[in-house]
Amino acid sequence: MNNMYTPSKEWCEPFILQEQHIRKIIEIIENRRIENASSEYDPIYKYKRLDDYERKTNDINDLFKEDNCGRVRITSLKISCKDYLFAGSGLNYEIEFNSCEGSETFDMGFMFFKSISLGVKGEDRDISELLFNELDAYITNTIISHKHRWLVRILKRITPLGFMSVMMFFLIISSFTSLLLKKGPSNRQEIINNAVSSKDISQKLDTLLQLQQSEDVSNGVRPFIVIALLITLVVFFVLMSKKIRKKIYSYYPFVFDFGVSSEDYKTRTSKIKWLIGIIGTLALSVLANFLYNIISSGL
């Protein structure tokens, strides 16, 4: 037991797991079967659905007969030998894939979430390392969805706490700026009186433009404050609703694309891309308008 070699690895990467991928994993495992290995080396498939139904089976065809769509879609899959935890045989393995909507820890966001994990235990270092490296290479090069990596990296950075902090920061700055831009009634009246009593036409025009500019900037800041406040409240209520969160999680690119009637993952993942694009565009446009008004007030 003490001489066991135990390489392991965890990822938080997008993946699209299909039937051919699972069959290839099993082929790799079978090709590395050590001499005289017992049936305990054979793979066991343990999977969980969104409705919390769990099943463990030795027959890979049971896995591919699952409906795997809607409320009964698969959210996690573990492929392991019988004695992985106890390391009772000469070579042991465990590969696990998880979607965030089926993870009990994902309410904390991507901080602790691992979508893929791989572990090998073996008495022979060379044999164990060969199996580990071959599985690692296949998962990294084939199963991980490289075209969706950018999406997961963005989602990692848009944490609920970080988003709320940024919005609150802009609310505070906007409110403070609005107060600075708003002229007091006595000061405003004094400027108007001076302009009225002056005989210089250019001074009258400058005063009119100054007052109009101040009013425009103040009017430009107020909508930003209202919009930012509304967005903050919407995000707050979304975070409070576990049902809404799980609905959004279903669009993330951690996909089990196999089964009798597996869903089209492209449809699901495209929705989160559109959502990020719309939110990003709105945020940039509001921020650009806000900065334009601030800069204009100083000119």
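Start by selecting serine 80: its bridge partner in strand 6 is glutamate 94. This is a predicted model, in which local features need pLDDT of at least 70, side-chain atom pairs count only at pLDDT 80 or more, and totals for chains, interfaces and linings use all residues. Residues are numbered from 1 along each chain as its sequence is written, and side-chain values use heavy atoms, with hydrogens and water left out.

**Stop 1: strand 5 and its partners**

Now select residues 74-80, which make up strand 5. Strands here are DSSP runs of E with at least two residues, helices are runs of H or I with at least four, and both are numbered from the N terminus. Six of the seven residues of strand 5 are buried, so the strand is largely enclosed by the rest of the structure. For burial, the cut-offs are under 20% relative accessible area for buried, over 50% for exposed and partly exposed in between, using a 1.4 Å probe and protein chains only.

Add residues 91-98 to the selection, and you have strand 6, which pairs with strand 5 in the antiparallel sense over five bridges. Two strands count as paired if DSSP finds at least two bridges between them. Then pick residues 44-49 for strand 3, which is antiparallel to strand 5 over six bridges. To see one of the contacts there, click on tyrosine 47 and look for its bridge partner in strand 5, leucine 77.

**Stop 2: the whole sheet**

Which strand does strand 6 join over seven bridges? Select residues 116-122: that is strand 7, and strands 6 and 7 run antiparallel. Leucine 91 is a handy marker, with glycine 122 as its bridge partner in strand 7.

Zoom out, and six strands form an open sheet with antiparallel pairing, in the order 1-7-6-5-3-4. Colour strand 1 (8-11) and strand 4 (54-57) to mark the edges; each has a single partner strand, so one side of each is left without a neighbour in the sheet. On average, neighbouring strands of this sheet are turned by 10° against each other, direction ignored. The axes behind that angle are lines fitted to C-alpha atoms (for helices, over the stretch in contact), and angles run from 0 to 180 degrees between N-to-C directions.

**Stop 3: two positive phi values**

Most residues other than glycine have a negative phi. Go to aspartate 52 for a positive one, near 75°. You'll find aspartate 52 in the loop between strand 3 and strand 4, and at 54% relative accessibility it counts as exposed.

Next, pick asparagine 68, in the loop between helix 2 (60-64) and strand 5. Asparagine 68 has a positive phi of about 55° although it is not a glycine. Is asparagine 68 buried or exposed? At 3% relative accessibility, asparagine 68 counts as buried.

**Stop 4: the cysteines**

Show cysteine 12 and cysteine 100 as sticks. The sulfur of cysteine 12 has its closest cysteine sulfur in cysteine 100, 8.7 Å away, too far for a bond. A disulfide here is a pair of cysteine sulfur atoms within 2.5 Å, and a search of the whole structure finds zero of them. Cysteine 12 counts as buried at 10% relative accessibility, and cysteine 100 does too, at 2%.

**Stop 5: the cavity**

The structure holds one cavity of 30 Å³ or more. About 70 Å³ of space lies in the largest cavity. Eleven residues line it, and the closest to its centre are Arg73, Ile74, Val255, Phe256 and Arg268. A cavity is a set of points on a 1 Å grid over the protein atoms alone where a 1.4 Å probe fits but cannot get out, and lining residues have an atom within 4 Å of a point. Grid points are joined across faces, edges and corners, and the volume is the space filled by probe spheres set on the points.

Select residues 254-257 for strand 8, which gives the largest share of the lining, four residues. The lining divides into four nonpolar, two polar and five charged residues. Ala, Val, Leu, Ile, Met, Phe, Trp, Tyr, Cys and Pro count as nonpolar, Asp, Glu, Lys and Arg as charged, and the others, Gly among them, as polar.

Stay on valine 255, in strand 8. Valine 255 counts as buried at 1% relative accessibility. Draw a C-alpha to C-alpha distance from valine 255 to asparagine 98: 8.7 Å in space, with their positions 157 residues apart in sequence.

Note on methods:
On a 1 Å grid over the protein atoms alone, a cavity is a set of points where a 1.4 Å probe fits but cannot get out, and a pocket is an open set with protein on both sides within 12 Å along at least five of seven lines; lining residues have an atom within 4 Å of a point.
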